[in-house]
Amino acid sequence: MAGRVSRRHMLKLGAAALGGVLAGCTPEVVKETVVVRQTVEVEKEVEKIVEKEVTTVVEKEVEKVVEKVVTATPVVREVTVKFMIWGGDAEKRAWQARYDMFREKHPEIRVATTYPPGNYQEKLTAMIASGTAPDVFVPQHLRLDVPRGILLPLDAYMEADTDFNMDDFIPGTLDRGKYQGVQYAIPGGLGPQVIFWNVDFFKEAGLESPNELHEKGQWTPEKFLEYALKLNKKEGDIYTRFAYLFYGLDHMEFLYQMGSPTFDHPNYTKCLFDDKTREIWQWTADLINVHHISPLPEEVGAFGSWAGFRDGKYAMYISGPWNQARLTTMQWQWDVAWPFQTSDGAPCVQAGLGGTSVYSLTKLPWESYLWAANNESAEGQAVWAGLGFDIPSRQSLIEKYNSGEMFTDQKAKPPSVDVWYKAAAVAKPQFNGWVLPQTWTVFQTAWGTVKSGEKTAAEAMDDQFIKDMNATLSGV
Amino acid sequence: MSAVQAVAPDKSRRPAKTGLGRMRLREEREFYLFVAPWLVGFLIWTAGPMIYSLYISFTTWDVFTKPVWVGLQNYATLWHDLFEPSQLVLFSQSLKVTTIYTVLMVPLRMIVNLLGAMLLNQRIRGMPFFRAVFYSPTVIPSVASALVWTWIMQSNGGLVSIFLNKLGLPNQTWLYRSKTALVTLVGLGLWGFGSQMLFFLAGLQSIPEHLYEAAKIDGAGQWQQFRYITVPMLSPVIFYNLVMSMMGTFQAFDSAFLYTGGGPNYATHFYVLNIYTFGWRYFKFGIASAMAWVLLVIILAMTMLVLRSSSAWVYYEGEVKGR
């Protein structure tokens with residue numbers, strides 16, 4: 001009886017062996033120790049049965065199975081980091097290039113990228129509120145998001161990551177991702193606002209290059225207006241080309257270019273509501289209403305935004321470097337130039353809201369960090385910059401960028417590419433980088449009434465406006 | 001004691017467990033079974049969130065952190081804004097804009113829909129085709145139609161401006177100016193004939209023909225027939241459409257969100273758009289919920305008002321007034 005193997009014994013043995021095989025082969029096994037512990041347990045179980053009831057022949061078979069399980073290479077689990085970002089086709093190509101680079105270094109980490117069609121922050125908020133947030137995303141606002149506890153502090157990860165050379169960053173650039181001294185985001189490249197100008201249109205009108213005027217200290221608001229009036233084009237009563245497009249921050253750049261003080265917290269009150277700001281508002285609104293060098297609010301739709309510049313409907317517009325990538329198909333010669341400014345003025349920085357952050361409740365903090373860090377590594381920034389987007393914030397890349405070597409698509413490189421770093425060196429941080437969304441709405445609504453000509457700057461910046469601004473700025 | 005005895009149920013009159021009683025029980029069970037999906041959905045998706053939003057309205061809450069109880073503070077802020085309007089809550093501004101919109105939109109939409117229904121009530125060939133055509137705007141997504149209208153209303157190069165230019169008039173800027181934006185939205189909102197027209201059409205078709213024949217014999221003209229037969233006979237439909245339209249218009253959102261974003265200078269900042277803005281843009285769900293509950297009270301009050309007035313002007317066939 002002891003030497004016989006019954007059908008029941010065979011079934012037990014088979015089940016035990018199968019368990020051992022499954023324990024060794026399951027794709028969910030993460031760490032080697034887990035595999036070994038499971039296989040050893042299975043081995044013991046199998047051995048007991050073998051000792052008790054199984055013949056020598058069967059023992060050999062079991063030994064084979066156990067040996068196979070123990071010597072099996074542990075399977076590395078592939079994980080997927082969820083990432084949400086915005087962007088059109090050009091950005092999608094750039095993110096894909098970064099991802100390809102990332103996969104070479106980390107084949108075990110996949111990144112599933114979502115590009116929501118508009119309303120990025122609302123979608124993100126709903127996802128966070130419902131517990132389905134992506135692992136990596138662009139935070140709305142560090143001042144809001146950190147107290148809410150939705151961002152993972154990254155200092156420890158950055159220190160543990162030997163590949164992430166923090167010393168390479170231009171001093172101060174990483175600070176844009178800090179809140180109260182703690183790193184919550186890894187900021188992207190630099191983003192000063194400069195003028196994109198149509199070289200052919202300027203030549204056609206017999207105008208000098210804005211960069212040459214800047215070198216001579218003559219690229220002033222007055223000169224800008226003089227040039228703009230010459231660049232406007234009409235057929236009968238209909239404008240077929242406007243000299244300038246207000247873009248991105250709308251009129252914010254002009255405030256800095258014409259010498260307004262920096263709107264930094266907590267000095268906003270005296271910076272925002274002084275007579276100089278009112279004067280600049282009025283001068284800027286007059287460009288639209290009186291001189292009509294830029295479309296009225298109701299005319300913007302017909303001319304488009306950056307695509308209008310590409311299509312020759314504007315002679316100039318102001319933007320950050322990311323729009324270089326969109327102008328590769330433009331039929332006219334284009335370039336970048338210093339924005340006009342007064343003697344006490346400076347360009348404005350639009351980028352710098354904080355870069356990408358990691359969700360505090362992510363189940364993949366390290367992998368998520370790796371993806372966020374990858375994008376701002378020297379290689380990641382080079383990929384992004386090479387396609388014509390942000391200018392790198394890593395010192396090791398400046399020379400290569402300025403020489404034009406970094407551009408993988410030479411059509412995205414403007415002749416005066418070095419203007420970017422020069423402007424960045426003196427640019428002031430943007431206003432809406434730290435104010436709450438409601439403050440920005442109040443500010444923009446008041447500006448809208450001036451821009452449309454319904455109110456003068458003095459009327460729009462009345463006591464109620466100042467009261468509302470102060471209340472929203474203080475977080476009421 | 002005797003009174004208690006007088007209303008006490010007579011147990012002897014309970015349905016015996018006969019075949020009829022069992023059938024009734026079975027019907028009851030079936031009733032609850034069939035109504036259960038709706039009831040569960042209502043409790044989870046409507047009643048639950050409503051009760052929660054009532055609680056939220058007494059708190060400050062940004063979705064991410066725990067709500068903090070503030071009692072009536074949010075309601076007090078709204079009340080205060082009625083007397084000292086500001087951009088901090090935009091309560092009085094959005095209420096004003098929505099009220100004007102409702103006052104203009106509700107009667108105009110009803111008139112337009114009634115006229116549409118009267119047109120479609122004619123006895124001509126191909127009427128089903130015309131009815132389908134007239135109803136088709138209702139099934140077009142509002143986003144799609146808004147995109148088309150935005151293009152048509154473009155100041156520079158839009159169809160309306162081109163037409164005006166042909167007449168020697170300048171480009172229109174109606175949608176982009178504070179003084180004209182709201183009225184323009186009313187005009188754009190009248191474009192679609194919807195369910196109101198269908199109700200009017202059904203009402204018109206249910207008016208007995210002999211009433212018109214009798215009126216004609218008595219020498220009534222077209223206007224008199226409309227005034228003394230059509231309108232009274234349609235009054236229940238008018239009443240229904242009025243209540244529904246008022247409720248819907250007070251909750252208008254799409255047109256402002258899609259065409260103007262509430263601007264310029266809050267000229268089209270509808271009440272529900274304001275709730276949305278404070279909730280999803282500023283993450284102030286406490287005050288947003290308070291506004292939502294105030295809206296409920298406003299709509300309820302207006303509906304009650306219309307209901308109370310209905311006895312004076314709504315005529316139900318077969319009803320004898322004064323009983």
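This passage describes the chains, cores, interface and selected residues of a predicted model.

Chain A has 22 helices and 13 strands. Buried residues account for 43% of its 476 residues. Contacts in chain A were examined for residues at least 6 apart in sequence; of these contacts, 75% join residues at least 24 apart.

The secondary structure of chain B comprises 14 helices and two strands. Chain B has a radius of gyration of 26 Å, well over the 20 Å that the globule rule gives for 323 residues, so the chain is more spread out than a compact globule. Along the principal axes, the C-alpha atoms of chain B fill a box of roughly 90 × 70 × 35 Å. Of the 323 residues in chain B, 27% are buried. Among contacts in chain B between residues at least 6 apart in sequence, those joining residues at least 24 apart make up 64%.

The two chains meet at an interface. On one side stand 22 residues of chain B, in contact with 25 residues of chain A. The chain B side that touches chain A consists of eight nonpolar, twelve polar and two charged residues.

Nonpolar cores come next. In soluble globular proteins, nonpolar side chains tend to be buried together. The largest nonpolar core in this model has 80 residues. Within this core, the residues that touch the most other members are V194(A), Y244(A), Y314(A), M316(A) and Y317(A). Domain 2 (79-181 + 356-403) and domain 3 (194-350 + 429-473) of chain A each contribute at least three residues to the core. A second core, separate from this one, has 49 residues, including M153(B), M197(B), L201(B) and F250(B).

The surroundings of Y244(A) were listed without its neighbours within four places in sequence. On that basis, Y244(A) is in contact with A228(A), I293(A), S294(A), Y314(A), M316(A) and Y317(A). Three of these partners, Y314(A), M316(A) and Y317(A), also appear among the core residues that touch the most other members.

Helix α22 of chain A spans residues 463-473. Its buried residues are F465(A), D468(A), M469(A), T472(A) and L473(A). These residues lie on the same side of α22(A), because they cover an arc of only 125° around the axis.

Several backbone features stand out. Most residues other than glycine have a negative phi, and most peptide bonds are trans. H292(A) is not a glycine, yet it has a positive phi of about 55°. H292(A) sits in the loop between α13 (275-289) and α14 (300-303) of chain A. With 18 other C-beta atoms within 10 Å, H292(A) is partly exposed.

In chain B, Y266(B) also has a positive phi, of about 65°, although it is not a glycine. Y266(B) is located in the loop between α12 and α13 of chain B. Y266(B) has 23 other C-beta atoms within 10 Å, so it is buried; the cut-off for a buried residue is 20 or more. The loop between α12 (254-260) and α13 (271-281) of chain B is also the place of P264(B). The peptide bond from G263(B) to P264(B) is cis, with omega near -5°.

Three further residues of chain B illustrate its helices and its separations in space. Helix α2 of chain B, residues 19-56, contains L54(B). L54(B) counts as partly exposed, because it has 14 C-beta neighbours inside 10 Å. In sequence, L54(B) and A290(B) are 236 residues apart; in space, C-alpha to C-alpha, they are 7.4 Å apart.

W45(B) is also found in helix α2 of chain B. It has 10 C-beta neighbours inside 10 Å and therefore counts as exposed. The C-alpha atoms of W45(B) and L159(B) are separated by 43 Å, and the two residues are 114 residues apart along the chain.

L307(B) lies in helix α14 of chain B, which covers residues 285-313. L307(B) has 12 C-beta neighbours inside 10 Å and so counts as exposed; the cut-off for an exposed residue is 12 or fewer. L307(B) and G194(B) are 113 residues apart in sequence, with their C-alpha atoms 23 Å apart in space.

Notes. Residues numbered from 1 in each chain as written. Chains lettered and ligands numbered in written order. Helix = DSSP H or I, 4+ residues; strand = E, 2+ residues; numbered from the N terminus. Arc of directions from axis to C-beta. Core = buried A, V, L, I, M, F, W, Y, C linked by C-beta atoms within 7 Å. Domains from an automatic or database assignment. Contact = placed C-beta atoms within 7 Å. Nonpolar A, V, L, I, M, F, W, Y, C, P; charged D, E, K, R; others polar. Rg over C-alpha atoms; globule rule 2.2 N^0.38 Å.
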